[in-house]
Amino acid sequence: MSDTSGQVQTVLVIGGTGLLGRAVVASLQRAGARVRVLSRGIRPTGGLPGVEVSVGDVKKGEGLAHAMRDVDVVVHCIQPVDSVIDAALRMDRPRIVYVSIVGVDQVPMSLYRTKYADERHLEASGLSWSVLRATQFHDLVAVLLRALTAPPVLLLPKAFRIQPVDVSEVGDRLARLALGAPTGRIDELGGPEVRTIGSLAEAYLEQTGRRRRIVEVPVPGAAGRALQAGLNLTPDHADGRITFDEYLRRVAATGERPYAGVVSAYVSPRRLLPDARRS
């Protein structure tokens, strides 16, 4: 995709070999952008034809200046944001598109607080920026449920609701933010359904052919109260179209392994949807 001067935009995707990063890369390529990704080199970088891979480490601040050379926009899919802002200020001040989480300013959890601090740092940086807050990915919910369904009794947090969204739709929205005009605002994207964690667990069990007794347990503390109050939800921005049930059917049909790139860097990946005969 070209900007107003007719030049093809170059977009750096930081974390571009991860689950979300690959979705962003695919969307950018479909739009005709020139794409570069930054990777630590640990995860596999195959399967990204036509993409330049630049090796670096965001936490250490290594390789960022080289990766940002002649870049118009940076889509930042991982943490932290500090070194990215510093490098952008030293280079040609590319616009930053940052992915955050719905409820970061209201849910008192460590990850949420870190994301919110990143947002505020970006806003105060003097750079052009856009922030997308998304709800939890279907993949993350499924991976968590896979772990929780290992014991014969499935313990779930009481009264928790989730609004899962498909990672491809988040990737599409980030790509549009990257290739559009600077917004200087925070957008939100939620999945099409707000569901209880129990409802999602039942769908997962049905798809995998497992049977588990579900027991809901209260979660104490401020974080538990925030999640019970639905502060992690964005029903007014339920713009996603792919439901969790549709996602599960797709995974079962294609044999996808969400977060396999993360897992395979450290241990041998296992199937998301286990063989029912082993359950």
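**Exercise 1.** Which side chains does a polar contact of 2.7 Å join?

*Solution.* Start with the ground rules: this is a predicted model, where local features need pLDDT of at least 70, side-chain atom pairs count only at pLDDT 80 or more, and totals for chains, interfaces and linings use all residues. Residues are numbered from 1 along each chain as its sequence is written, and side-chain values use heavy atoms, leaving out hydrogens and water.

Now look at Ser100 and Glu119: their side chains are the pair joined at 2.7 Å. A polar contact is a pair of N or O atoms within 3.5 Å; within protein, one must be able to donate a hydrogen and the other to accept it, and residues adjacent in sequence count only if both atoms are side-chain atoms.

**Exercise 2.** Work out whether Ser100 is buried or exposed.

*Solution.* First, find Ser100 in strand 5 (strands are DSSP runs of E, at least two residues, and helices are runs of H or I, at least four, numbered from the N terminus). Next, check its relative accessible area, which is 4%, so Ser100 is buried (buried means under 20%, exposed over 50%, partly exposed in between, with a 1.4 Å probe and protein chains only).

**Exercise 3.** Find what Leu28 touches beyond its neighbours within four places in sequence.

*Solution.* Go through the contacts (heavy atoms within 4.5 Å): you'll get Val11, Val13, Ala33, Val35, Ala175, Ala178 and Leu179.

**Exercise 4.** Place Leu148 in the structure.

*Solution.* Leu148 sits in helix 5, residues 138-148. With a relative accessible area of 34%, Leu148 counts as partly exposed.
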